[in-house]
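Work through these exercises with the coordinates open. Try each task before reading its solution.

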Amino acid sequence: MNRHNSRPVVLCLSGHDPSGGAGLQADIEALLAQGCHAAPAVTALTVQDTVNVSDFRVLDRDWVLAQARAIIADLPVAAVKLGMLGSVQMVDTVVEIMQALPGVPLVCDPVLRAGGGGSLGKDDVGYAMRERLLPIAAVATPNLPEARILAELPEGTADECAAKLSAYCQHLLITGGHGDEAEVHNRLYVRGGDCHTFTCARLPGSYHGSGCTLASTLAGRLALGEEVVSAVRSALDYTWRTLRDAEQPGHGQFVPRRLPLDFCS
Ligand code: PLP
């Protein structure tokens, strides 16, 4: 086994979605597609299908710490991706984990709702992420509804939310898939003033796991050494293609196709 030939390792602290559309499975597939190795540590279990989520259970803090410590002691973690945390205590647990990874880029997807609208955490979890995780994140990737919760601006535009949230983090990527513009506008706000807008064609349908796909791809790109703005562009392009090629395995939302069909051949 040659460690020098190993792909960059991305520690994923996310929930498990048994439909396979979102959560850790999305992270693993997206990271494989970037040429990275995913180290998936479970923060929460959910009961859900492709339509919606009906229940979830956040793991004990000690279990999550133990998983992360085992990985950190063994593997050279090159980036960390956060998905569903589910509780304020889990936010604090992640802060503790990140203290053991100084300088490692963190991508924070502030997951609070499933695609079908069901809750994956109370708004307090979002406020704790804003206060304690956004300041240590390289990039935060809320969609517009999540940005509105974090900014406490229920009707806010992306610019209005960013005006409030940019104070908390270095790079804030507010995705526009939930907006009403004809084209999707994804806006990357850099603390200090710059805003990069990435537009793409709006695809029909609604998707399960698009945010997870984007955030984990972005973490993978950072792990590979790409600069933030370029990594965001790469991650948005890849995610768009996974949505264009999405499939509908169940009765609900479409699931992004993150790996080519001939992946194993
Ligand atoms: N993480 C978990 C465990 C989930 O179940 C979900 C949605 O159901 C998400 C994250 C967020 O999914 P999306 O990428 O669709 O926002």
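The exercises below go from the whole chain to single residues, and the model they use is predicted.

**Exercise 1. Overall fold**

Task: Count the helices and strands of the protein chain, then judge its compactness against the globule rule.

Solution:
- Step 1. The protein chain holds eight helices and nine strands.
- Step 2. Its radius of gyration is 17 Å. The globule rule gives 18 Å for 265 residues.
- Step 3. The two values are close, so the chain is as compact as a globular protein of that length.
- Step 4. Add the outline: along the principal axes, the C-alpha atoms fill a box of roughly 50 × 45 × 35 Å.

**Exercise 2. Interior, surface and charge**

Task: Describe burial, contact range, exposed area and charge for the protein chain.

Solution:
- Step 1. Of the 265 residues, 50% are buried.
- Step 2. Take the contacts with a separation of 6 or more. Residues 24 or more positions apart account for 67% of them.
- Step 3. The exposed area is about 11900 Å². Carbon and sulfur atoms supply 52% of that area.
- Step 4. Count charged side chains: 21 are positive and 29 are negative. The centres of the two sets lie 3 Å apart.

**Exercise 3. The annotated span**

Task: Which residues does the UniProt domain annotation cover, and what is the helix and strand content of that span?

Solution:
- Step 1. The unreviewed UniProt entry carries the annotation "domain: Pyridoxamine kinase/Phosphomethylpyrimidine kinase". According to that record, the domain covers residues 17-253.
- Step 2. The span is 41% helix and 20% strand.
- Step 3. The end C-alpha atoms of residues 17-253 lie 13 Å apart.

**Exercise 4. Two residues in strands**

Task: Are Ala 41 and Arg 57 buried or exposed? Locate each and list its contacts beyond four places in sequence.

Solution:
- Step 1. Ala 41 belongs to strand S2, residues 37-48. Arg 57 belongs to strand S3, residues 53-58.
- Step 2. The relative accessibility of Ala 41 is 1%. The cut-off for buried is under 20%, so Ala 41 is buried.
- Step 3. Arg 57 reaches 63%. Exposed means over 50%, so Arg 57 is exposed.
- Step 4. Ala 41 is in contact with Leu 11, Cys 12, Leu 13, Ser 14, Leu 24 and Gln 67. Arg 57 touches Ala 44 and Leu 45.
- Step 5. Check one distance for each. Ala 41 and Cys 12 are 29 residues apart along the chain, with C-alpha atoms separated by 5.8 Å. Arg 57 and Leu 101 are 44 residues apart in sequence and 26 Å apart in space, C-alpha to C-alpha.

**Exercise 5. Two residues in helices**

Task: Where do Leu 150 and Thr 242 sit, and which residues are they in contact with beyond four places in sequence?

Solution:
- Step 1. Leu 150 is in helix H5. Thr 242 is in helix H8, residues 228-244.
- Step 2. Leu 150 has a relative accessible area of 0% and is buried. Thr 242 has 1% and is also buried.
- Step 3. The contacts of Leu 150 are Pro 110, Gly 126, Tyr 127, Arg 130, Leu 134 and Leu 165.
- Step 4. Thr 242 is in contact with Thr 213, Pro 256, Arg 257 and Arg 258.
- Step 5. Add one distance: Leu 150 and Glu 131 are 19 residues apart in sequence and 9.5 Å apart from C-alpha to C-alpha.

**Exercise 6. Two residues in loops**

Task: Which elements flank the loops of Glu 152 and Gly 179? Classify the exposure of each residue.

Solution:
- Step 1. The loop of Glu 152 runs between helix H5 (144-151) and helix H6 (158-165).
- Step 2. Gly 179 lies between strand S7 (171-174) and strand S8 (183-190).
- Step 3. Glu 152 has a relative accessible area of 40%, and Gly 179 has 24%. Values between 20% and 50% count as partly exposed, so both residues fall in that class.
- Step 4. Inspect the backbone at Glu 152. Its phi is near 55°, a positive value in a residue other than glycine.
- Step 5. Gly 179 and Asn 143 are 36 residues apart in sequence, and their C-alpha atoms are 9.0 Å apart in space.

Key: Residues numbered from 1 in each chain as written. Predicted model: local features only at pLDDT ≥ 70, side-chain atom pairs only at ≥ 80, totals over all residues. Heavy atoms only, no water. UniProt positions renumbered as here; feature names shortened; annotations may be inferred. Helix = DSSP H or I, 4+ residues; strand = E, 2+ residues; numbered from the N terminus. Rg over C-alpha atoms; globule rule 2.2 N^0.38 Å. Buried < 20%, exposed > 50% of the residue type's maximum accessible area, 1.4 Å probe, protein only. Contact = heavy atoms within 4.5 Å. Areas by Shrake-Rupley, 256 points an atom, 1.4 Å probe, with all protein chains shown as cover. Lys, Arg positive; Asp, Glu negative; His and termini not counted. Charge placed at Lys NZ, Arg CZ, Asp CG, Glu CD.
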